[in-house]
Amino acid sequence: MNSYEIDEFWAEITLNNRKRHLITAKSNVSPGDKLVSGHSYVVLDQLTLETGTRLLLLRNPWGREDFDGRWSDFDRLWTREAKKERGVPEGDDGLFYISVEDYLEHMDYTYINYDTTDSYQGYFM
């Protein structure tokens with residue numbers, strides 16, 4: 001993916017995250033990163049670091065088996081101060097950060113599930 005496509009994807013995630021839509025993803029076959037192949041993950045939040053690095057906070061619904069790539073819980077890219085400031089989860093809890101570039105490499109599909117709380121029944125007909 002080129003940088004324009006990555007920027008477009010980030011803008012779409014930002015828009016739907018602000019609208020509080022449920023965002024989920026399906027992983028591809030990616031050995032060695034501890035992601036479960038063909039598994040669903042929930043996108044809980046997004047974060048842009050002062051360096052411009054864009055991260056997504058994901059959760060494995062099983063509550064275990066974290067990602068172990070760049071920006072994961074114990075990755076040395078995190079400073080102790082940044083971890084504390086950002087509330088970086090540690091441990092095998094299913095929560096982990098992943099860069100937007102790695103996300104796009106490791107996920108086959110992203111699903112936007114719209115919040116229909118304020119919609120009326122006729123809206124769907």
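**A walk from aspartate 102 through the sheet**

Let's start with aspartate 102, which has 9% relative accessibility and therefore counts as buried (buried means under 20% relative accessible area, exposed over 50%, and partly exposed in between, with a 1.4 Å probe and protein chains only). Keep in mind that this is a predicted model, where local features need pLDDT of at least 70 and side-chain atom pairs count only at pLDDT 80 or more, while totals for chains, interfaces and linings use all residues. As for bookkeeping, residues are numbered from 1 along each chain as its sequence is written, and side-chain values use heavy atoms, leaving out hydrogens and water.

So what does aspartate 102 pair up with? Its salt-bridge partner is arginine 70, with the closest N and O atoms 3.1 Å apart (a salt bridge is a side-chain nitrogen of Lys or Arg within 4 Å of a carboxyl oxygen of Asp or Glu). That pair ties together distant parts of the chain: aspartate 102 sits in helix 3 (residues 100-106), arginine 70 in the loop between strand 3 and helix 2 (80-86), and 32 residues separate them. (Helices, H or I with at least four residues, and strands, E with at least two, are DSSP runs numbered from the N terminus.) Unlike its buried partner, arginine 70 is partly exposed, at 41% relative accessibility.

How many salt bridges does the structure hold? There are three. In general, side chains of opposite charge can pair when their charged atoms come close. Another of them joins arginine 54 to aspartate 7, where the closest N and O atoms are 2.9 Å apart. Here the link runs from strand 3 (residues 54-59), home of arginine 54, to helix 1 (residues 3-18), home of aspartate 7, across 47 residues. Arginine 54 counts as buried because its relative accessibility is 17%; aspartate 7, at 37%, counts as partly exposed.

Then there is lysine 26 with aspartate 108, whose closest N and O atoms are 3.3 Å apart. This pair bridges 82 residues, from lysine 26 in strand 1 (residues 22-27) to aspartate 108 in strand 5 (residues 107-113). Both ends are partly exposed, lysine 26 at 24% relative accessibility and aspartate 108 at 43%.

Now for the sheet itself. Five strands make an open sheet in the order 4-3-2-1-5, with antiparallel pairing (two strands pair if DSSP finds at least two bridges between them). Strand 4 and strand 5 are the edges, each pairing on one side only. From one strand to the next, the twist averages 35° (axes are lines fitted to C-alpha atoms, for helices over the stretch in contact, and angles run from 0 to 180 degrees between N-to-C directions).

Look at the joins one at a time. Strand 1 and strand 2 run antiparallel, held by four bridges, and lysine 26 has serine 40 of strand 2 as its bridge partner. Strand 3 and strand 4 are also antiparallel, over five bridges, and leucine 55 stands opposite serine 99 in strand 4. Is strand 4 (residues 95-99) largely enclosed or open? Four of its five residues are buried, so strand 4 is largely enclosed by the rest of the structure. Helix 1, meanwhile, lies across strands 1, 2, 3 and 5, at about 100° to strand 2.

Just past the end of strand 1 is asparagine 28, placed in the loop between strand 1 and strand 2 (40-48). With 14% relative accessibility, asparagine 28 counts as buried. Its side chain reaches the backbone oxygen of glutamate 105 at 2.9 Å. Not counting residues up to four places away in sequence, asparagine 28 touches Ser37, Gly38, Glu105, His106, Met107 and Asp108 (contact means heavy atoms within 4.5 Å).

Finally, the aromatics. A search of the whole structure turns up six aromatic pairs (rings of Phe, Tyr and Trp, the last by its six-membered ring, pair if their centres lie within 6.5 Å; planes under 30 degrees apart count as stacked, over 60 as edge-to-face and the rest as tilted). In tryptophan 78 and tyrosine 97, the ring centres are 5.5 Å apart and the planes lie at 55°, so that pair is tilted. Tryptophan 78 comes from the loop between strand 3 and helix 2, tyrosine 97 from strand 4, 19 residues apart. Tryptophan 78 is buried at 6% relative accessibility, and tyrosine 97 is buried at 6% too. Elsewhere, Tyr41, Phe67 and Phe96 form one aromatic cluster.

Methods
Polar contact = N/O pair within 3.5 Å; in protein donor to acceptor, adjacent residues only side chain to side chain.
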